[in-house]
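Trainee: I would like to learn how to read the symmetry and the contacts of a two-chain model. Could we work through one?

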Number of protein chains: 2
Amino acid sequence: MTAPATGRDGTLSPKVEANPRQARAIAWIHRLHDDVTALFERLDGRERFREDAWERAEGGGGWSRVLTDGAVFEKAGINRSVVFGRLPAAAAAKLGGRGVSDGETRFFATGVSLVVHPRSPMVPTVHLNVRYFELHDDDGALRDAWFGGGTDLTPYMPFVEDCAHFHHVLARRCDAFHPSLYRRFKPWCDEYFRNTHRGGEARGVGGVFFDHLRPGEDESGLDLDGAYAFADAIGRSLEEAYAPLVDRRRDLAYGEREKQFQLVRRGRYVEFNLVHDRGTHFGLHTAARIESVLMSLPPLAAWPYAPAWEPGSAEARLLELLRPRDWLAESARVP
Amino acid sequence: MTAPATGRDGTLSPKVEANPRQARAIAWIHRLHDDVTALFERLDGRERFREDAWERAEGGGGWSRVLTDGAVFEKAGINRSVVFGRLPAAAAAKLGGRGVSDGETRFFATGVSLVVHPRSPMVPTVHLNVRYFELHDDDGALRDAWFGGGTDLTPYMPFVEDCAHFHHVLARRCDAFHPSLYRRFKPWCDEYFRNTHRGGEARGVGGVFFDHLRPGEDESGLDLDGAYAFADAIGRSLEEAYAPLVDRRRDLAYGEREKQFQLVRRGRYVEFNLVHDRGTHFGLHTAARIESVLMSLPPLAAWPYAPAWEPGSAEARLLELLRPRDWLAESARVP
């Protein structure tokens, strides 16, 4: 089958050939992309996303949606991509794929990824990504298939209850599937989003992160339908986990000082994405469209030399929150 | 010997033990650091550099000087470091060192590096680095020693004559030593400072870049004294190559549009330094002081989504200038 042309503004639409197994993943990601886009347009309330479709010479392409200078979001990007082709064995092994032989392996991947940068430092940045990945033979026979993804929050103000709310929602979503999921995927997120070159300072307050979730093989017992449902639940979690934080904080007043701190923290976001993030590196070193890969970078970021914050200040308290903690022990209620 | 305490403000001064061969390099870099600092204080005319000294647990340390919110420079950093210790064989081989055996190799390195970000987009950013590097045995016997360095210009406005001036000065400095130097080191610079993930777009208009310049072994015939003199000439080149550009352009009027373009180009500067620069990676993955390693990042940078510029506009003409060209064929005279 060929995936339908979906450019909302009629732009170029990548052609994708997919077997029924892959077509299911494509259709799932397509629907999720549209629904998440609608959520964030509703949240912003003023601006719309613009869509660019792009093709990847080696196979597949993507649809990048960006909202700029909105009422809430200074820059918001929601990418959908379907990419496939051949990976050298080393690259496939690096992905953690199984059944990789000496030669090249065919891969197929589709996913949604989102990063939104609010203008106000009172509103946190959020990132979300869910994806389906498979390695297969030339005849389409599956060698390995898994789901991956997660979502993490990057606040600029020390609203403990906002961070707790985000985690409480994610824990509930995970627990609806299996009690092991949040317990495993929360620390994985803490471990992943760290600037090791900054003494391990976290990018934000985490959330959940997972990879190589193989249907039928995970300790959660999730089968293919279950894994789809779980990844979809994470993909749709921001309506409950994040939207209330926007509503709570969007109209709070702030000053130059809060804005400056946000710009410095955004600099750390840039450092993580360019130096450490595996997804970004995968994009930089494959032939993906660069503006889509780097859509996650903030509209504006600052690198003052050796910034320091008064003990007890809002900035210092925010930095304290970046140390991994048990967020479920904190109240999510606004004081 | 132990290098003298040199913190200009009396702060911690790294202790360095060095043999006479290394002491010569330390003294050279120390003097150069002071002289280049004085040049940029004179150029700014208002603010002074503040110095932080730092120690590296594994051996050595550095002196970082930063000038912030000056009359000309929004952020200017001039680092000096002396680092030494043991490198695993793989790391030594990656540096391009010779005589590396299976075990660890002792190394010693000292250098100055500078990046200045002017506030005005009419004034270009400049980077300069010179260093002396050696690999030696436990008893101090030399295995390999070389000089490296260079300087490159990153303009924001298409002043062709400024770029030509920079290159004419560098070519003259090089030619005073050997006719092969500029011919080899100019294309090396073009090749090095490229964002390969952006289709090879250059960071700026280049300059010169060299590495592994081994006294007595280079086709230029430079012996140890000659190599010192050449590296020193590059280290001192900005007084003639860059200072006149500051004087020419510092008082030109500009608007929001020029500032915005500068912020976008600075974003590309961040991308190069974090994704590709070998010196930055060496700093990120060794235990160097992170604020000194990332002192090169601009005070403020922007990532608007997929920026585009009108054909024929100043921005489009600047991008044209980023394509490597024979700058000596261009006139350095202001029209």
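**Reading symmetry and contacts**

Mentor: Note that this is a predicted model. Begin with how α1(A) and α5(A) lie: they are roughly parallel to each other, because angles under 35 degrees count as such.

Trainee: At roughly what angle do the axes of α1 and α5 of chain A cross?

Mentor: The axes of helix α1 (residues 20-44) and helix α5 (residues 224-235) of chain A cross at roughly 20° and come within 11 Å. The crossing of α1(A) past α5(A) is right-handed.

Trainee: Which residues of α1(A) and α5(A) meet?

Mentor: From α1(A) there are A:Trp28, A:Leu32 and A:Val36, and they meet A:Tyr228, A:Asp232 and A:Gly235 of α5(A). By class, the residues of this contact are four nonpolar, one polar and one charged.

Trainee: How are the two chains related?

Mentor: In general, a rotation about an axis and a shift along it relate two copies of a chain. Here a turn of 180° with a shift of 0.0 Å along the axis lays chain B on chain A, with an RMSD of 0.0 Å. That is the relation of a two-fold axis.

Trainee: Which residue of chain B comes closest to the rotation axis?

Mentor: B:Ala301, whose C-alpha is at 2.7 Å. A:Ala301 stands opposite B:Ala301 in β10(B). Strand β10 (residues 300-302) of chain A and β10(B) run antiparallel, joined by three bridges.

Trainee: How many residues does each chain give to the contact?

Mentor: Chain B gives 25 residues and chain A gives 26. On the side of chain B, α8(B) gives the most, with four residues. That side has 18 nonpolar, three polar and four charged residues. The copies meet through the same surface, because 100% of the interface residues of chain B are also interface residues in chain A.

Conventions: Residues are numbered from 1 along each chain as its sequence is written. Chains are lettered from A and ligands numbered from 1 in the order in which they are written. This is a predicted model: local features need pLDDT of at least 70, side-chain atom pairs count only at pLDDT 80 or more; totals for chains, interfaces and linings use all residues. Copies are superposed by least squares on the C-alpha atoms of residues with pLDDT of at least 70 in both. Two residues are in contact if their C-beta atoms, placed from the backbone, lie within 7 Å. Axes are lines fitted to C-alpha atoms, for helices over the stretch in contact, and angles run from 0 to 180 degrees between N-to-C directions. Helices (H or I, at least four residues) and strands (E, at least two) are DSSP runs, numbered from the N terminus. Angles under 35 degrees count as roughly parallel, over 145 as roughly antiparallel, 65 to 115 as roughly perpendicular and the rest as oblique. A crossing is left-handed if the near helix is turned anticlockwise from the far one by less than a right angle, and right-handed if clockwise. Ala, Val, Leu, Ile, Met, Phe, Trp, Tyr, Cys and Pro count as nonpolar, Asp, Glu, Lys and Arg as charged, and the others, Gly among them, as polar. Two strands pair if DSSP finds at least two bridges between them.
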